[in-house]
Amino acid sequence: QVQLVESGGGLVQPGGSLRLSCAASGSISSLYAMGWYRQVPGKQRELVAGITSRLSTDYADSVKGRFTIFRDNAKNTVYLQMYSLKPEDTAVYYCNAYLPTLLPRYDYWGQGTQVTVSS
C-alpha cells in the first residue's frame, strides 16, 4: 500500500505562484512514476504533469512553460511548482503514483488539494 498526502494548495491571484507537495509513504520506491492530476466539477480528471523514475517528465499543453514537476526520492516527495497561474488553473489537484512494471496498472491517489486562482 502507498499513501499520498498533498499540501500547498490555496488561494492565489492571477499571475501568482504556488508549490504543491505530495509526500508518499508505505510501499513506495523511486521506481514509481508519479504525477499530478486536476479536476473541476463536471469534468474528467486530467493529467497536469508526470515524472518517471528516470526523471523523464510530461506536461499538459496548457501548463507547459508555467509548471514544473520534480521529485526528491530521498524524501519520497514529488512537487509541482506552478507559475503564472491563471483562473482556468483552478481545480482540485491530486497526486498520483503507480508502478509501471505492475500490470494491470494500479493507481494510488491522494485526497486532493484545492487550488483557486482568483482576484
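Which two residues form a disulfide, and how far apart are their sulfur atoms? In this predicted model, C22 and C95 form the link, with their sulfur atoms 2.1 Å apart. The report starts from this link and then turns to the chain as a whole, to the strands around β11, and to a few residues in loops.

## The disulfide

The structure holds 1 disulfide, and a disulfide is a covalent bond between the sulfur atoms of two cysteines. The link of C22 and C95 is left-handed, with -85 degrees about the S-S bond. Because C22 belongs to strand β3 (residues 18-26) and C95 to strand β9 (residues 91-98), the pair ties together parts that are 73 residues apart in sequence. C22 has a relative accessibility of 0% and therefore counts as buried, and C95, at 0% relative accessibility, counts as buried too.

## The chain as a whole

The secondary structure comes to 0 helices and 11 strands, so that the pattern read along the sequence is β-β-β-β-β-β-β-β-β-β-β. The radius of gyration is 14 Å, close to the 14 Å that the globule rule gives for 119 residues, so the chain is as compact as a globular protein of that length. Taken along the principal axes, the C-alpha atoms fill a box of roughly 40 × 30 × 25 Å.

Of the 119 residues, 41% count as buried. The chain exposes about 6,500 Å², and carbon and sulfur atoms supply 51% of that area. Among the contacts with a separation of 6 or more, 54% come from residues 24 or more positions apart.

## Strand β11 and its partners

Strand β11 (residues 113-117) pairs with β2 and with β9, in opposite senses. Strand β2 (residues 10-12) runs parallel to β11 and is joined to it by 3 bridges, with V117 in β11 as the bridge partner of V12. Strand β9, by contrast, pairs with β11 in the antiparallel sense over 3 bridges, and here T113 in β11 is the bridge partner of Y93.

In a regular strand the side chains alternate between the two faces of the sheet. Strand β11 shows such an alternation: T113, V115 and V117 point to one face and are buried, whereas Q114 and T116 point to the other face and are not buried.

## Two charged residues in loops

R66 has its place in the loop between β6 (57-59) and β7 (67-72). Is R66 buried or exposed? Its relative accessibility is 11%, under the 20% limit, so R66 counts as buried. Not counting residues up to four places away in sequence, R66 touches Q81, M82, Y83, S84, L85, K86 and D89, and the side chain of R66 reaches the backbone oxygen of S84 at 2.9 Å.

D107 lies in the loop between β9 and β10 (108-109) and is partly exposed, with a relative accessible area of 24%. Leaving aside neighbours within four places in sequence, D107 is in contact with N96, A97 and Y98. The side chain of D107 makes a polar contact of 2.9 Å with the side chain of N96, and another polar contact, of 2.8 Å, with the side chain of R105. D107 and T68 are 39 residues apart in sequence, and their C-alpha atoms are 22 Å apart in space.

## Backbone geometry

Most residues other than glycine have a negative phi, and most peptide bonds are trans. Against that background, the peptide bond from L103 to P104 is cis, with omega near -5 degrees, and P104 lies in the loop between β9 and β10, the loop that also holds D107. The table lists two residues other than glycine that have a positive phi.

| Residue | Phi | Loop | Relative accessibility |
|---|---|---|---|
| L55 | near 70 degrees | between β5 (46-51) and β6 | 52%, exposed |
| N76 | near 50 degrees | between β7 and β8 (77-82) | 27%, partly exposed |

L55 counts as exposed because its relative accessibility of 52% is over the 50% limit, while N76, at 27%, counts as partly exposed.

Notes
Residues are numbered from 1 along each chain as its sequence is written. This is a predicted model: local features need pLDDT of at least 70, side-chain atom pairs count only at pLDDT 80 or more; totals for chains, interfaces and linings use all residues. Side-chain values use heavy atoms; hydrogens and water are left out. A disulfide is a pair of cysteine sulfur atoms within 2.5 Å. Helices (H or I, at least four residues) and strands (E, at least two) are DSSP runs, numbered from the N terminus. Buried means under 20% relative accessible area, exposed over 50%, partly exposed in between (1.4 Å probe, protein chains only). Two strands pair if DSSP finds at least two bridges between them. A polar contact is a pair of N or O atoms within 3.5 Å; within protein, one must be able to donate a hydrogen and the other to accept it, and residues adjacent in sequence count only if both atoms are side-chain atoms. Contact means heavy atoms within 4.5 Å. The radius of gyration is taken over C-alpha atoms; the globule rule is 2.2 Å times the number of residues to the power 0.38. Accessible areas come from the Shrake-Rupley method with a 1.4 Å probe; for residues, only the protein chains shown count as cover.
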